[in-house]
Amino acid sequence: MKRMCRTLQVSIPANPSIDLLDNVIVTDKTTTTRAVYTIKSIKTSYSVDRGMLQVIDMMWARKGVMV
């Protein structure tokens with residue numbers, strides 16, 4: 001259950017340099033969200049209107065904590 005609470009899903013323009021288990025820093029301009037997440041899955045899709053997008057599932061990661 002903890003793992004589900006600590007996951008985040010974002011949609012970004014496709015970036016081929018992103019890989020599984022990479023650590024990324026997520027910040028948001030409108031909220032206080034700022035944390036390090038580990039990428040656990042990547043889904044790539046393409047549409048004529050939006051172009052190539054990646055939906056990334058990430059899990060919260062903190063040094064010294066096993067998720």
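Strands are DSSP runs of E with at least two residues, numbered from the N terminus. Met52 sits in one of these, strand β4, which spans residues 51-60. The model described here is predicted, and it is a good place to start by looking at how the chain is laid out.

The secondary structure of the chain amounts to one helix and four strands. Read from the N terminus, these elements follow the order α-β-β-β-β. Confidence averages a pLDDT of 82 over the chain, with 84% of the residues at 70 or more. Helix α1 (residues 2-5) has the lowest confidence, at a mean of 53, while β4 has the highest, at 91. Readers may therefore wish to keep the pLDDT, the predictor's confidence in each residue, in mind when viewing the model.

Turning to the interior, buried residues account for 18% of the 67 residues in the chain. In soluble globular proteins, nonpolar side chains tend to be buried together. Here, the largest nonpolar core is built from seven residues, namely Ile18, Val26, Ala35, Tyr37, Ile39, Ile56 and Met58. Two or more of these residues are given by each of β3 (34-47) and β4, and β3 supplies the largest share, three residues.

One member of this core, Ile56, offers a helpful view of its surroundings. Apart from neighbours within four places in sequence, Ile56 is in contact with Leu8, Gln9, Val10, Ile12, Ile18, Ile39 and Ser41. Of these partners, Ser41 belongs to strand β3. Because its relative accessibility is 21%, Ser41 counts as partly exposed; the cut-off for a buried residue is under 20%. With neighbours within four places again set aside, the contacts of Ser41 are Leu20, Val55, Ile56 and Asp57. Leu20 and Ser41 are 21 residues apart along the chain, yet their C-alpha atoms are separated by 6.4 Å. For the chain as a whole, among contacts between residues at least 6 apart in sequence, 42% join residues at least 24 apart.

The surface completes the picture. About 5500 Å² of the chain is exposed, and carbon and sulfur atoms supply 56% of this area. A nonpolar patch on the surface is formed by Tyr46, Val48 and Met52, which together have about 390 Å² of accessible area. Met52, the residue of strand β4 introduced at the outset, has a relative accessibility of 47% and so counts as partly exposed.

Note on methods
Residues are numbered from 1 along each chain as its sequence is written. This is a predicted model: local features need pLDDT of at least 70, side-chain atom pairs count only at pLDDT 80 or more; totals for chains, interfaces and linings use all residues. Side-chain values use heavy atoms; hydrogens and water are left out. Patches are made of residues with over 30% relative accessible area and no salt bridge: like charges are joined within 9 Å, nonpolar side chains (Val, Leu, Ile, Met, Phe, Trp, Tyr) within 5 Å. Accessible areas come from the Shrake-Rupley method with a 1.4 Å probe; for residues, only the protein chains shown count as cover. A salt bridge is a side-chain nitrogen of Lys or Arg within 4 Å of a carboxyl oxygen of Asp or Glu. Buried means under 20% relative accessible area, exposed over 50%, partly exposed in between (1.4 Å probe, protein chains only). pLDDT is the predictor's confidence in each residue, from 0 to 100. A nonpolar core is a set of buried Ala, Val, Leu, Ile, Met, Phe, Trp, Tyr and Cys residues joined through side-chain atoms within 4.5 Å. Contact means heavy atoms within 4.5 Å.
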